[in-house]
Amino acid sequence: MTASAAAGQEATKGGWSFRAQVREWIPALAFFFSAILAWELLVRVFGIQQFILPSPVAIASSVVEYFPELWQSATYTLVEILLGLAIGVVAGILAGVVTARFGAFRESILPFAIAANSVPIIAFAPIFNNWFGIDKQLSKAMVAAVICFFPIMINTVRGLTSASPAALELMRSIAATDSQILRKVRIPTAVPFIFTALRVATTLATIGAIIGEYFGAPKVSLGQYIVTYSSYLNFERSWAAIIFACAIGISLYLSVVLVERVVAPWTSERAAGGG
């Protein structure tokens, strides 16, 4: 057996292999490019006007032509997204730990947290613009933070309270303290729940920051870029900005997946093995 074959077998035993990953992506990529081709043909065959639906070729041309200003807008908005993620994730995890620690408090506060999670994010944007300044990045970051906070908090509580009763009983039988139980049992159990919430939070933070920009932000922001050129009926440039927004969300999502593979590889191995 060659060294490369042995390495391939080891990678497969570890629950992940490059070839298997590529095979999983092939159907999605095929569907994506087929959809783009169908979109282009639909616009050309039926003569759809650009203000209704620009063609992918026109959008790609706008991306290339206006790349510097699109990059500047995307960078500006990315700061808001990352700041909102940091605030929402830290606050959500801390609130989840406190809520999971005190049972009576958990029973009273968790229903309100779930209800608050259903409030449309659009309702927060004008309020935070008024509180923190319509031209300040913090106001948009706070919109992103609020929309991330509740999924992180709820999943943290669920993860910390999902620890195996047998494991908890074993730790208590050896006189482990509450902090030791938290570190050794509850947190490892909660890690998959938290990373699931983080994957959702990356896309929610992107949506929240851009929606916040719709209600007022400097022209350099991605949300105002979309609004401005939509009002001019220059939808190729608006769609180009949307492409950059999608790229931010997808990149952040993949970053969380990569961090999860490094920090908690057992979660991906468990999912690959069906539990």
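This passage walks through the helices of one predicted protein model. Residues are numbered from 1 along each chain as its sequence is written, and side-chain values use heavy atoms, with hydrogens and water left out. Since the model is predicted, local features need pLDDT of at least 70 and side-chain atom pairs count only at pLDDT 80 or more, while totals for chains, interfaces and linings use all residues.

The overall picture is easy to describe: the protein chain has 12 helices and 0 strands. Here helices (H or I, at least four residues) and strands (E, at least two) are DSSP runs, numbered from the N terminus. Of the chain's 275 residues, 37% count as buried; that label means under 20% relative accessible area, with exposed being over 50% and partly exposed in between (1.4 Å probe, protein chains only). Contact means heavy atoms within 4.5 Å. Among contacts between residues at least 6 apart in sequence, 71% join residues at least 24 apart.

Helix 7 (residues 137-160) comes out at about the span expected of it. That expected span is 1.5 Å times one less than the number of residues, so the 24 residues of helix 7 should cover 34 Å, and the end C-alpha atoms are 33 Å apart. There is still a kink of about 30° at C148, shortly before the proline P151. The bend at a residue is the angle between axes fitted to the seven residues ending there and the seven starting there. Helix 7 is also largely enclosed by the rest of the structure, because 21 of its 24 residues are buried.

Helix 9 (residues 178-214) is another story. For its 37 residues, a straight helix would reach 54 Å at 1.5 Å a residue, but the end C-alpha atoms are only 46 Å apart. Helix 9 bends by about 45° at R186, with a proline, P188, following within four residues. Further along helix 9 sits T202, which counts as buried because its relative accessibility is 3%. Leaving out residues up to four places away in sequence, T202 touches L85, G249, L252, Y253 and V256. Just after helix 9, G216 takes a positive phi of about 135°.

Next up is helix 10 (residues 222-231), whose axis comes within 7 Å of that of helix 4 (residues 67-101), the two crossing at roughly 130°. These axes are lines fitted to C-alpha atoms, for helices over the stretch in contact, and angles run from 0 to 180 degrees between N-to-C directions. Helix 4 and helix 10 are therefore oblique to each other, since angles under 35 degrees count as roughly parallel, over 145 as roughly antiparallel, 65 to 115 as roughly perpendicular and the rest as oblique. On the helix 4 side the contact is made by E69, L70, S73, A74 and T77, and on the helix 10 side by L222, G223, Y225 and Y229.

Helix 10 is largely enclosed by the rest of the structure, because 7 of its 10 residues are buried. Those are L222, G223, Q224, Y225, I226, T228 and Y229, and the buried residues of helix 10 pack against helix 4, helix 9 and helix 11. After helix 10 comes L233, in the loop between helix 10 and helix 11 (235-263). L233 has a phi near 60°, a positive value in a residue other than glycine, and it counts as partly exposed because its relative accessibility is 47%.
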